[in-house]
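Work through the exercises below with the sequence and the coordinates open beside you. Each task is followed by a solution that proceeds step by step.

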Amino acid sequence: MIVGYTPGRGFLHRAHPFTPFALAGAAIVWAFALPAPTGPALLAVVLAAVALAARLPGALGTALVMAAPFWVFLLLIHWGFGDTPGRALVVGSQVTAILVAFLMVVAAVHPARLVDALVARRVPFAVAYLLAATLQAVPRLRERARAILDAQRCRGLRVSGSVWNRVRAVVPLTVPLVLGALAEVDQRALALEARAAAGVRHRTPLAPPSDTTGERVLRWSMAAGAVAAVLLRVLW
Amino acid sequence: MTVRLDGVTFRYPGAPSDAIRNISAACAPGAVTLVTGRLGSGASTLLLTVAGLAPHATGGTRDGVVETLGHDPASAEGRAALAGRVGILFSTPWTQLSGMAYSVSDEVAFGPANLGWDRARIAASVTRSLALAGAAHLSARDPRTLSGGELQRVMLAAILAMEPEVLLLDEPTLELDAESADALVALLPQLAEGAALLVATTDLDRTVDVADRILLLDRGLLVADGAPADVLGAERAVVTGASTAIAEITRAAGCPPPYPLTVDAAVRRFGE
């Protein structure tokens with residue numbers, strides 16, 4: 001599974017960092033505001049097509065894998081117990097659409113470009129860095145979890161096979177993962193301070209992202225589309 | 001003096017005792033100064049204090065006077081004035097990554113960019129510091145794919161790229177293979193020419209050859225300050241385990257102090 005920035009040259013990679021965010025934000029609104037069940041299902045399909053067109057098959061695959069348990073659970077609840085599958089289709093499509101949109105943003109937006117774009121809009125560096133770091137938190141935790149699991153396996157822990165084995169592996173994974181992450185926060189804070197990241201007055205953008213009129217129009221259009229969908233939902 | 005400590009005591013929050021106690025010392029460019037002692041002696045804390053990170057970032061209480069480039073580094077005014085002028089390299093390179101770079105050159109440029117330098121100056125500084133740290137060949141690599149030793153060299157370059165006037169290295173050879181560690185140690189005299197250099201290390205066998213001065217700490221106290229042969233060759237240093245293997249061997253062989261610190265020194269002494 002791929003969660004995190006993936007180098008590439010698709011149109012979302014080349015776009016101003018705000019554009020994928022605008023797409024994700026609008027997609028979340030549309031997922032709930034478009035008429036069900038066709039709206040959310042169609043949205044999920046369109047977003048999947050966008051992911052493929054943006055050369056982000058990894059993000060799409062990860063989103064589908066992550067959405068799969070939701071689908072199984074929803075179908076069991078809504079269909080297996082005598083209900084109609086319509087509700088499962090709606091909620092499943094909403095979850096899938098949101099996952100695809102979010103993972104596309106994470107995969108396409110380079111954290112440094114995002115920071116540069118935010119700082120250019122006068123967002124304080126600390127806030128911009130916090131946002132970019134949050135986007136990178138999941139891949140970092142996954143890398144750390146993998147290393148901890150490998151270490152525990154070397155010490156005889158069985159993490160595959162029966163459900164019981166997997167459940168028993170949770171504690172030896174979680175405790176060092178959480179404690180290690182907390183300890184690293186202190187060290188990372190010291191290191192960032194030493195690299196002049198505290199109290200930045202004017203950061204030089206290393207590769208300032210260009211923002212075209214077309215992209216600005218596109219972002220405003222998506223925002224307007226999201227507002228229109230909400231209004232239609234409320235008033236209709 | 002570039003760095004001046006006068007009666008400095010520091011205690012971490014919640015700690016039962018002081019990490020360093022009543023330390024007075026001064027440091028200027030031109031000399032490689034090693035800060036050493038047994039583990040837990042306070043060498044790393046001394047570096048954090050000079051950088052102002054203790055107590056500003058670590059919490060805790062500090063007494064005494066710390067003056068780095070004429071400023072109290074823990075004060076708000078000092079931190080603003082010293083941003084980028086005091087570089088500190090920690091022993092765990094993976095915790096020093098900015099998390100914002102997908103190439104080594106962008107990682108190294110993170111600090112200079114925070115200082116607001118123009119892009120031409122940043123590019124020149126990145127190129128120069130990567131070459132100095134022996135990491136020029138890594139410039140296009142993703143930092144997350146580097147080995148610990150490669151990453152430590154990149155992080156050294158990242159610190160050097162800010163052109164610090166005070167350079168603090170905390171166990172810089174810990175993650176390096178023998179060849180890389182020797183290369184970094186050989187670089188220390190050159191680094192000391194342009195900056196006040198303090199190196200906290202327990203790797204004395206490797207570093208003693210290039211050291212001009214030793215600050216020996218024992219449980220937070222500065223117990224000796226002087227030339228390597230005088231400080232590390234003395235009975236106290238060898239007994240406390242803060243000396244070289246050659247010194248320990250010659251003591252174990254029953255020779256009287258001062259003990260030789262290197263093979264060459266031992267050959268000179270016993271060859272007579």
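A residue is called buried if 20 or more other C-beta atoms lie within 10 Å of its own, exposed if 12 or fewer do, and partly exposed in between, with the C-beta atoms placed from the backbone. Helices (H or I, at least four residues) and strands (E, at least two) are DSSP runs, numbered from the N terminus. The model is predicted, so that local features need a pLDDT of at least 70 and side-chain atom pairs count only at pLDDT 80 or more, while totals for chains, interfaces and linings use all residues. Residues are numbered from 1 along each chain as its sequence is written, and chains are lettered from A and ligands numbered from 1 in the order in which they are written.

**Exercise 1. Determine how many residues of helix 6 of chain A are buried, and what covers them.**

Step 1. Applying the burial criterion to helix 6 of chain A, one finds that eight of its ten residues are buried, so this helix is largely enclosed by the rest of the structure. The buried residues are Pro111(A), Ala112(A), Arg113(A), Leu114(A), Val115(A), Asp116(A), Ala117(A) and Val119(A).

Step 2. Contact here means that the C-beta atoms of two residues, placed from the backbone, lie within 7 Å. The cover over the buried residues of helix 6 includes helix 2 (18-33) and helix 7 of chain A, together with helix 4 (104-114) of chain B.

Step 3. Just after this helix, Arg122(A) takes a positive phi of about 70 degrees, although Arg122(A) is not a glycine. Arg122(A) sits in the loop between helix 6 and helix 7 of chain A and is exposed, with 6 other C-beta atoms within 10 Å.

**Exercise 2. Describe the side of chain A that touches chain B: which helices supply it, and how do its residues divide by type?**

Step 1. The contact takes 27 residues from chain A and 32 residues from chain B.

Step 2. On the chain A side, helix 6 (111-120), helix 7 (125-154) and helix 9 (170-194) each supply at least two residues, and helix 9 gives the most, with eight residues.

Step 3. For the division by type, Ala, Val, Leu, Ile, Met, Phe, Trp, Tyr, Cys and Pro count as nonpolar, Asp, Glu, Lys and Arg as charged, and the others, Gly among them, as polar. The chain A side then divides into 15 nonpolar, six polar and six charged residues.

Step 4. As for confidence in the complex, the predictor gives an ipTM of 0.82 and a pTM of 0.82.

**Exercise 3. Establish how strand 7 of chain B is paired and whether its residues are buried or exposed.**

Step 1. Two strands pair if DSSP finds at least two bridges between them. Strand 3 (residues 32-36) of chain B is joined to strand 7 by four bridges and runs parallel to it, and Val32(B) has Leu197(B) as its bridge partner.

Step 2. Strand 6 (residues 166-170) of chain B is joined to strand 7 by five bridges, again in parallel, with Leu168(B) standing opposite Leu198(B).

Step 3. Five of the five residues of strand 7 (residues 196-200) are buried, so this strand is largely enclosed by the rest of the structure. Both of its faces are covered, with Ala196(B), Leu198(B) and Ala200(B) buried on one side and Leu197(B) and Val199(B) buried on the other.

**Exercise 4. Characterise the fold of chain A and the surroundings of Gln94(A) and Met104(A).**

Step 1. Chain A has ten helices and zero strands, and its C-alpha trace spans about 55 × 55 × 30 Å along the principal axes. Of its 236 residues, 34% count as buried.

Step 2. Gln94(A) lies in helix 5 (residues 86-108) of chain A and counts as buried, with 23 C-beta neighbours inside 10 Å. Beyond its neighbours within four places in sequence, Gln94(A) is in contact with Ala31(A), Phe32(A) and Pro40(A).

Step 3. Not counting residues up to four places away in sequence, Met104(A) touches Leu12(A), Pro20(A), Ala24(A), Ala51(A), Ala54(A), Leu56(A) and Ala59(A).

**Exercise 5. Locate the cis peptide bonds that precede Pro55(B) and Pro258(B).**

Step 1. The bond from Ala54(B) to Pro55(B) is cis, with omega near 10 degrees, and Pro55(B) lies in helix 2 (residues 53-56) of chain B.

Step 2. A cis bond also joins Pro257(B) and Pro258(B), with omega about 0 degrees; Pro258(B) is placed in the loop between helix 11 (245-252) and helix 12 (263-271) of chain B.
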